[in-house]
Amino acid sequence: MKNNSDLFFACSLIEYIARETKNRRSDVVDRLGDDLSRIYKYADVFHCEPIEKVADDFIQKDAISDGDYDNLSKCKYAIPDYWDIGEVFSRLIEDCYEEENIITGIKEVYASWMAEKILNFNSDLYYQSREYLAVCYKEGKLLLA
């Protein structure tokens, strides 16, 4: 098992920005563009500041406008925080992509069918083991219905 703290920070920041702006996570990744590589490369520096400030800086810099995607208000149960969901996504990316393909992995995972399934907080998918999530992602479907 890997422990890529830079990837964890980048995924948590994507989640935070998406919640703040009510955008799909894939749209946030698209809007970040080249800054996605910068966030990943300099995560150790960015994490020294409050995530709220870092998020606001990138929201302004990349002109990420408010959207209308709100998966949080539909949640009937306790909502996992952005760090928890950042960890789920970072582990999935770590388990499915080599280090030299991490940025590609971020783009592909957030644009995948799996992202929407994980972000349905009325299900328990985001609580499943990292191994199960990786196998499902690679198979292109949930293995247990």
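This briefing describes selected local features of the structure, grouped by topic.

The model is predicted. Among its features are 8 aromatic pairs found in a search of the whole structure, a nonpolar surface patch formed by V135, L143 and L144, and a buried residue, N4, in the segment before α1. Two residues that are not glycine, K22 and A63, also have positive phi values.

**Aromatic residues**

- Of the 8 aromatic pairs found in the whole structure, one is formed by F8 and W83, whose rings are tilted, with 5.6 Å from centre to centre and 35° between the planes.
- F8 lies in helix α1 and W83 in helix α6, so this pair ties together parts that are 75 residues apart in sequence.
- F8 is partly exposed, with a relative accessible area of 27%, and W83 is partly exposed as well, with a value of 30%.
- Both residues belong to one aromatic cluster, which is made up of F8, Y16, Y82 and W83.

**Surroundings of N4**

- N4 is found in the segment before α1, the helix that covers residues 5-21, and N4 is buried, with a relative accessible area of 13%; this counts as buried because the value is under 20%.
- A polar atom of the N4 side chain lies 3.1 Å from the backbone nitrogen of D6, and the side chain of N4 also makes a polar contact with the side chain of E99, at 3.4 Å.
- When neighbours within four places in sequence are left aside, N4 is in contact with Y40, E94 and E99, and E99 is thus the residue whose side chain takes part in the polar contact at 3.4 Å.

**Positive phi values outside glycine**

- K22, which lies in the loop between α1 and α2 (25-32), has a positive phi of about 55° although K22 is not a glycine, and this residue is partly exposed, with a relative accessible area of 38%.
- A63, which is placed in the loop between α5 (51-61) and α6 (82-96), has a positive phi near 50° and is likewise a residue other than glycine; A63 is partly exposed, with a relative accessible area of 47%.

**Nonpolar surface patch**

- V135, L143 and L144 together form a nonpolar patch on the surface, and their combined accessible area is about 270 Å².
- L144, one of the three residues of this patch, lies in the segment after α9 (130-139) and is exposed, with a relative accessible area of 61%.

Technical notes:
Residues numbered from 1 in each chain as written. Predicted model: local features only at pLDDT ≥ 70, side-chain atom pairs only at ≥ 80, totals over all residues. Heavy atoms only, no water. Patch = residues over 30% accessible without salt bridge, like charges linked within 9 Å, V, L, I, M, F, W, Y side chains within 5 Å. Areas by Shrake-Rupley, 256 points an atom, 1.4 Å probe, with all protein chains shown as cover. Salt bridge = Lys/Arg side-chain N within 4 Å of Asp/Glu carboxyl O. Helix = DSSP H or I, 4+ residues; strand = E, 2+ residues; numbered from the N terminus. Buried < 20%, exposed > 50% of the residue type's maximum accessible area, 1.4 Å probe, protein only. Polar contact = N/O pair within 3.5 Å; in protein donor to acceptor, adjacent residues only side chain to side chain. Contact = heavy atoms within 4.5 Å. Phe/Tyr/Trp six-rings, centres within 6.5 Å; stacked < 30°, edge-to-face > 60°.
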